[in-house]
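Biologist: Please take a close look at one short loop in this model, and then follow the elements around it outward, giving the cut-off behind each term as you go.

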Amino acid sequence: MIDRRAFLRVSALAGTALASGAALASGTPAWAGPRPADWSALGRGLGGRLVRPGDASYDAARKVFNTAFDGARPAAVAYCKTTADVAECLSFARKYGVAVTSRSGGHSYAGWSTGPGLVVDVSPMNTVGYSGGRATVGAGARLVDVYSRLGAHGVSIPAGSCPTVGVAGLTLGGGIGVVSRKYGLTCDVLESARIVTADGRVLTCSATQNPDLYWASRGGGGGNFGVATSFTFRTHATRDVTVFFLHWPWQKAAAAVRAWQAWAPYAPDAMWSNLHLNHDPSLDVQIGGLYVGGRAGCERLLADLVRRVGSDPSSRWISPSSYGHAMMIMAGCSTLTVSQCHRPGSLPGQTADGRLVRDTFSAKSHMAYAPLSATGIGALVGQVAASGRHSVLLDALGGAVGRVAPDATAYPHRRALYSVQYYAHRAGAAAWARAAHTAMRPHFGDHAYVNYIDPELTGWRRQYYGANAERLARVKAAYDPDRLFRLPQGV
């Protein structure tokens with residue numbers, strides 16, 4: 001089991017080493033770190049707010065979504081209201097050799113939304129605008145707000161289901177979501193991005209402007225090339241959809257996996273589904289999803305799935321829904337308002353009446369490029385049956401995702417049939433996730449999703465990026481040659 005406190009101590013030491021290295025690279029003496037007066041000057045120069053240790057809001061500002069990383073104590077958190085604020089923070093980091101971390105929603109699986117130095121938080125840049133089929137979205141916008149504000153115009157973008165995830169991290173890593181098979185990944189509808197690079201330049205990146213950085217920003221992962229401040233997306237019109245959840249008893253787990261993996265990646269694009277094998281607290285098999293269409297069409301496709309499983313589900317819930325309410329269902333907020341579907345608090349990205357709480361978890365991932373064999377299915381079911389509180393989550397790909405060439409964007413997993421998450425809660429979480437991942441490696445191979453970033457992964461460049469890793473390294477060298485942005489698994 002990972003000792004999280006030890007991990008944070010190692011991270012802090014790594015950050016100190018980075019600070020010294022950055023200082024030497026910039027010509028500043030390694031010992032010339034910022035004084036309290038320098039931090040105060042930075043705060044006065046921002047349109048947003050700089051939160052430092054000792055401030056009343058520091059304890060809340062330093063915490064990210066996963067409570068496992070509550071030991072992190074950054075030197076400061078800068079809530080940036082403008083692109084100029086971001087540029088000012090990066091200038092400060094270069095001048096004083098301070099480790100810098102960018103943060104949107106704070107959901108990094110490895111805790112890399114925080115660090116020992118300066119956290120550049122873009123949460124205040126959360127506006128969502130719409131005009132002429134295009135959405136302009138601030139990098140700090142939470143997904144629940146993106147869906148709600150675009151929904152008022154009768155449009156949306158393909159994105160994830162977790163309501164408090166920031167749009168920046170999701171987009172930069174690819175963006176698997178509940179309508180991906182119909183409309184593509186989030187990065188597939190990205191037309192341009194505004195990015196502040198390590199040297200303080202503010203660049204618009206698109207197919208015609210800085211096209212290499214635009215390419216890298218569609219699947220190359222957040223925190224690598226600069227700090228994104230806004231995105232322009234193509235939108236799709238919303239329409240009524242159908243949401244469903246089917247359950248089978250645990251003795252049907254193997255049959256459900258076998259049937260689902262032969263059905264879900266090849267279904268019509270309008271059908272997206274996932275399969276959850278849960279041991280939380282009891283054993284359960286759930287196949288849920290969203291169909292972009294009416295109930296009758298959804299029922300016909302589900303009948304084929306049930307036939308493949310070989311037995312009727314023990315329970316089923318199938319309901320037509322407006323698009324917006326379906327996103328709230330998928331977010332686990334079906335009985336809440338949009339405002340309540342946030343974390344409570346007064347900081348950017350939080351609401352006074354928010355009801356969502358943080359979580360403690362450990363997770364790992366695979367990308368499945370081929371169906372599991374009978375042996376592989378048995379191994380997967382056996383891992384979930386082990387004692388503890390954990391789940392394996394399989395999300396269907398194919399459809400629009402698979403019709404893009406693997407090198408057209410930095411996201412390489414276009415030929416994958418589905419993604420796999422090993423997700424475990426609380427005590428024993430890391431040990432179970434590690435064991436399950438190791439047990440399934442012979443069956444899934446070495447492919448992983450950068451948005452489920454894994455600090456223990458070996459050979460991560462090839463697993464996250466495949467054949468795109470070399471081009472990403474060239475983009476990194478061009479835009480951040482001194483490596484101001486230095487994640488432990490940075491490009």
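Modeller: Helices and strands are here DSSP runs, of type H or I with at least four residues for a helix and of type E with at least two for a strand, numbered from the N terminus. The model is predicted, and local features are taken at pLDDT of at least 70 and side-chain atom pairs at pLDDT 80 or more, while totals for chains, interfaces and linings use all residues. Residue numbers start from 1 along each chain as its sequence is written, and side-chain values rest on heavy atoms, with hydrogens and water left out.

The loop I would choose lies between strand E9 (202–206) and helix H8 (211–216), and it holds asparagine 210. This residue has a positive phi of about 50° although it is not a glycine. With 25% relative accessibility, asparagine 210 counts as partly exposed, the class between buried (under 20% relative accessible area) and exposed (over 50%), for a 1.4 Å probe and protein chains only.

Strand E9 leads from the loop into an open sheet of five strands, ordered E5-E6-E10-E8-E9 and paired in the antiparallel sense, where pairing requires that DSSP finds at least two bridges between two strands. Strand E5 (128–131) and E9 stand at the edges with a single partner strand each, so one side of each is left without a neighbour in the sheet. With direction ignored, neighbouring strands of this sheet are turned by 15° against each other on average. At the E5 end, four bridges join E5 to strand E6 (residues 134–138) in the antiparallel sense, and glycine 129 stands opposite threonine 136 in E6. Helix H4 packs on this sheet and touches strand E8 (190–196), E9 and strand E10 (227–234), with its direction at about 45° to that of E8; contact means heavy atoms within 4.5 Å, and such angles run from 0 to 180 degrees between N-to-C directions of lines fitted to C-alpha atoms, for helices over the stretch in contact.

H4 also takes part in the surroundings of a second helix. In helix H2 (residues 36–44), Asp38, Trp39 and Leu42 are buried. Viewed down the axis of H2, these buried residues fall within an arc of 100°, so they line one face of the helix, the arc being that of the directions from the axis to the C-beta atoms. Their cover includes strand E1 (49–51), strand E2 (76–79), helix H4 (83–96) and strand E4 (118–121), whereas the face of H2 turned away from the buried side carries the exposed residues Pro36 and Arg44.

E4 also bounds a loop with an aromatic contact. Rings of Phe, Tyr and Trp (its six-membered ring) pair if their centres lie within 6.5 Å, and count as stacked with planes under 30 degrees apart, edge-to-face over 60 and tilted for the rest. By this rule there are 14 aromatic pairs. In one of them, tyrosine 109 and phenylalanine 361 have ring centres 5.2 Å apart and planes at 75°, so the pair is edge-to-face. Tyrosine 109 sits in the loop between strand E3 (100–103) and E4, and phenylalanine 361 in strand E18 (residues 361–368), so the pair ties together parts that are 252 residues apart in sequence. Tyrosine 109 counts as buried at 17% relative accessibility, and phenylalanine 361 is buried with a relative accessible area of 4%. Both belong to one aromatic cluster with Phe65, Tyr411, Tyr423, Tyr449 and Tyr452.

E18 in turn belongs to an open sheet of seven strands, in the order E15-E12-E14-E13-E19-E20-E18, with antiparallel pairing. Its edge strands are strand E15 (315–321) and E18, each pairing on one side only, and the twist averages 15° from one strand to the next. Within this sheet, seven bridges join strand E19 (residues 390–396) to strand E20 (residues 418–425), which run antiparallel, and valine 392 has tyrosine 422 in E20 as its bridge partner. Helix H10 (residues 295–309) packs on the sheet, touching strand E12 (241–248), strand E13 (271–279), strand E14 (283–291) and E15, its direction at about 20° to that of E12. H13 packs on the sheet as well, touching E18, E19 and E20, with its direction at about 10° to that of E18.
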